[in-house]
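Hi,

Here is the structure I promised to pass on. Have a look at it first, and then read on for what turned up.

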Amino acid sequence: MKKQLLVGIVSIVGFISVAKAQTSSQNEEKINALIKKMIIEEKVRMIHANSSFTSAGVPRLGIPELVTSDGPHGVRLEHGRGWGELKDVNDSGTYLPVGVALASTWNPSLGFEFGKVLGSEAKYRGKNVILGPGINIMRSPLNGRNFEYQSEDPYLVSKMVVGYIKGVQSQGTSACVKHFMANNEEVDRGTVDVQMSERALREIYLPGFKAAVMEGDVNTIMGAYNKFRGQFCTHNEYLVNKIMKGEWGFKGVLMSDWGAVHNTMEALYNGTDLEMGSDIGTPRMSFPNFYLGDTVVALVKSGKMPESIVDEKVRRILRVMFKTEVFSKTSPGEYGSAAHIATAKKVAEESIVLLKNEAHILPLSLATTKSIAIIGANATRKNSMGGGSSQVKALYEITPLAGLKSIAKDIVFNYAEGYTIARNATPTTAMINDAVEAAKKSDVAIVVGGWAHGYNYAVWDDNAFDAEGVDKPDMKMPFGQDELIKAVVKANPNTIVVLIGGGPIDMTQWVGNTKGIIEAWYGGMEGGTALAEVIFGKINPSGKLPVTFPKVLEDVPAHKMGDFPGKNGVAVYREGIFVGYRYYDTYKVEPQFAFGHGLSYTDFAYKNLKVAKDAAGLVTATFTITNTGKVYGGEVTQLYVHKNKTAIARAEKELKGFQKVFLQPGETKTVTIQLRKDAFQYYDEDKNAWATEKGDYTIEVGGSSKSIVVSGGVSL
Ligand code: BGC
C-alpha cells in the first residue's frame, strides 16, 4: 500500500516536472517568435522604465506593460505613473508585519502565507511584480532598513525567503528579492564600495539570494545601489554574470534598484535586464535618456553592439511575463480581505518576542488587574506609512493602546505620552511627572517605546530612525526614553517595557531593573491586537530573535573591526564571517539577548538527542521536546553545528536547522532534522570551492544560540 502510494507520488511529481518543462519550452518558442517580430526600438523600450513603476510592452504584438510595486510588507499606495500620491483610489489594503517580524516567527509556512497575501493583493491592484522580499544581512543594528530585512543569519534568511517567494508566486505575481547585494548601510548606499572576503561573500551575504534562485525559483531580483569590489552591483560582472546567472543559472530578470544603473556598456554586458528609476537617480533622466534607452538603439543600429545582447534581456522579461499572470489572470486576487487580515494577525502573534519575564510579571491577569499606566508615544503611533518605499496605506491599524483597550474593557488605562518623537527631543519635566503620576496610581505600568519610522518619505524626515536613506546615529534609545523608563520603574516596580522597532536598541540603563520586556517590532495592522493578546496571555509568545541584541554598539563586530558606515567611499567588512552570534559566541562577548532567544509562558524539555550518519553521508538528528508547563505553546527548536578541532577560523557554532513545534501541556513530539553535506562546509578561498573539514563535529540543540540543552557528536 505504502509502496503504491510512493509510486503514485513519484509519478505525480514526475508528471508535474515534465509538464513544467514542456510549458517552459513551449514558452521559449513563443518568446523567440515574438522577439523575431520586434524592431529594435520596441525591444529597447522594454528594457527601461516608462513610468515610475512600469516598463513598456509592445501593444501591436499584444505584450502589455510590466507593472511593479513596492514593497516587502504590503502593496504600496498608488503613485500612478509619477511620484505623487493618487487621490480617490482604492489603495488601502492589508498591512503585514515587517520583514524582521516575519523572520522572528521562525515559521517558514507563515512566510508562504505572508507571500500569498502580497501576491494576491498585488494582482488585485494590477501589479505583476511585488518588490520584496528584502533580505540583506543585518550587519549593524544601525542600518535604517533593518526592519525590512530578516536576519543576521544566512540560514534563517534562506529558509524564510523561499516560503515568501513561493507564496507570492503561487498567486501569479512575481516576487523580486532585493537588494542584491551587500546593501547594508543607507547613508551612502548610492556610492559606497563594499569590500569583503570571498568567504564572507559566500558564507554570509549570498546564501539567501542563492536559496531565492535555486530553491524559491524567484522570477526577479533587484540589483542594489552600492558597489561591490569597485563595480556597481546592478552591473557587476562577477556577481551577476559569474555567480547569479552563471553558477546559479538564474533565468529571470535582474532589474536595477531605482536609479542604480550608472553605465550603459556595463549594464548591457554585465547582466542588467531592466533599468528602473533613473528618473529619480543622479543624474535625473527622462525615460528615453535612460542608460538602457535610445543610446542602445543607436549602438545596435551603428553595429557597435550585437542585437542579441538586447534580445537576451527581452527574452528574460517575456519569460517572467509568461511565468506571471501578465497576459491573463486566473482569478482577480483579493484585497484587504478577512483572510488576509487573519494572516497579518497570525504573523504578528508569532513574531512577538518575550525577552524578559522576571517573577512571571507576564501575562497580566484580566481578572485581577484593575489599572494600567500606558506610557510612551509609540503606544498610539501608527506606522504603516512610515519608513520609505515600503510604506502602505493600511485599511486600518490597531495601535498598542487600542489593542489593549479592546481586550481589557474593565481595566482603567492611565495614558501619558512620555516623550516626543522628534530628533534630539527629550521629555520635559512635565512629561516625566505625568508618566510617574500615571505609573504610581496604576497596578502595572507599560512603557511602549523604542524606535520610530519617519513619516515623510519625500523629505527624509529627520525623525526617521527606521527608514530608507538614513541610518541610526547610534544604538541609544532616542527621544530621552532612558530617563523616562528609569523614572517609571522607580515609581512602579511592576513595569513592562514594550519595544517597537526594526531591531536592537541599547537597554543597558534599565534592563536590570525592569521585570518584563517585549519586542513587538512593527507588527502590521493587527500588531496592537496581537501585542495585547500576548500581554494578557490569550496568546503564548513563540517568537525568537532573528538578530542578536548586543549590549552596546561598541560590541558590534561591524563597528569594532570593520567600517560602518564606509570611510571615504569604501566599507571594508573586516569582521569577515564573524557577523552576529558568530562573532559574539566565538569572541566571548556577552550579548544583551542572544540570537534565537525568546521566552514562553510555558516550559520545554529537550531530551533523547540521537545523531546518526547514513552511508551517503546524510546526518540525521532526532530529539524529543515536551511541554512541561501548564499552557499550550510553541517552541522554535534550534540546531547548531560546532567543529571540535579546526584548522581554520570558524564560528563557535552555526545554525543549520530549526523547527517550530506547538505542544499542549504534557505533550511530547519527536523532531527530526536532516543535515546535508553543506551543513558542515566552509568556503575554501584557496581552492575557490566549498570544502568539508574532516573530524569530529558537535550537534548542539536548544531554544536559543545561548541555551544549548542537548548535544551529540558526529565524525566526518
Ligand atoms: C528602494 C527599493 C524600492 C524602489 C522602488 C528604492 O529606492 O531601494 O527597495 O523597491 O526604490 O520604490
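How far is an oxygen atom of the ligand from an N or O atom in the side chain of Glu468? The separation comes out at 2.7 Å. Keep in mind that this is a predicted model, so every value here is computed from predicted coordinates.

Glu468 has company at the ligand. Arg145 places a polar side-chain atom 2.8 Å from a ligand oxygen, and Arg76 has one at 3.1 Å from an oxygen atom of the ligand. As for cover, on its own the ligand has 310 Å² of accessible area, and the protein covers 99% of that.

The wider shell is worth a click-through too. There are 14 residues around the ligand, and those that come nearest are Asp70, Arg145, His179, Asp257 and Glu468. By residue class, the shell splits into seven charged, five nonpolar and two polar.

Now for the sheets. One is an open sheet of four strands, in the order 22-21-26-27, and its pairing is antiparallel. Its edges are strand 22 (654-663) and strand 27 (707-715), each of which pairs on one side only. From one strand to the next, the twist averages 20°. If you want to inspect one pairing in that sheet, try strand 21 (residues 633-643) against strand 22: the two run antiparallel and are joined by nine bridges. One place to find your bearings is Gly633, whose bridge partner in strand 22 is Leu663.

Another open sheet also has four strands, this time ordered 9-8-6-18, and here the pairing is mixed. Strand 9 (231-232) and strand 18 (570-572) are at the edges with a single partner strand each, so one side of each has no neighbour in the sheet. The partner of strand 18 is strand 6 (residues 193-195), and these two pair in the parallel sense over three bridges. Within that pair, Gln195 stands opposite Val572 of strand 18.

One last residue: Tyr396. You will find Tyr396 in the loop between strand 13 (393-394) and helix 13 (400-407). Is Tyr396 buried, partly exposed or exposed? Tyr396 counts as partly exposed because its relative accessibility is 31%, and that class sits between the buried cut-off of under 20% and the exposed one of over 50%. Tyr396 is also 356 residues from Ile40 along the chain, and the C-alpha atoms of the two are separated by 47 Å.

Over to you!

Conventions
Residues are numbered from 1 along each chain as its sequence is written. This is a predicted model: local features need pLDDT of at least 70, side-chain atom pairs count only at pLDDT 80 or more; totals for chains, interfaces and linings use all residues. Side-chain values use heavy atoms; hydrogens and water are left out. A residue is near a molecule or strand if one of its heavy atoms lies within 4 Å of it. A polar contact is a pair of N or O atoms within 3.5 Å; within protein, one must be able to donate a hydrogen and the other to accept it, and residues adjacent in sequence count only if both atoms are side-chain atoms. Accessible areas come from the Shrake-Rupley method with a 1.4 Å probe; for residues, only the protein chains shown count as cover. Ala, Val, Leu, Ile, Met, Phe, Trp, Tyr, Cys and Pro count as nonpolar, Asp, Glu, Lys and Arg as charged, and the others, Gly among them, as polar. Two strands pair if DSSP finds at least two bridges between them. Axes are lines fitted to C-alpha atoms, for helices over the stretch in contact, and angles run from 0 to 180 degrees between N-to-C directions. Buried means under 20% relative accessible area, exposed over 50%, partly exposed in between (1.4 Å probe, protein chains only).
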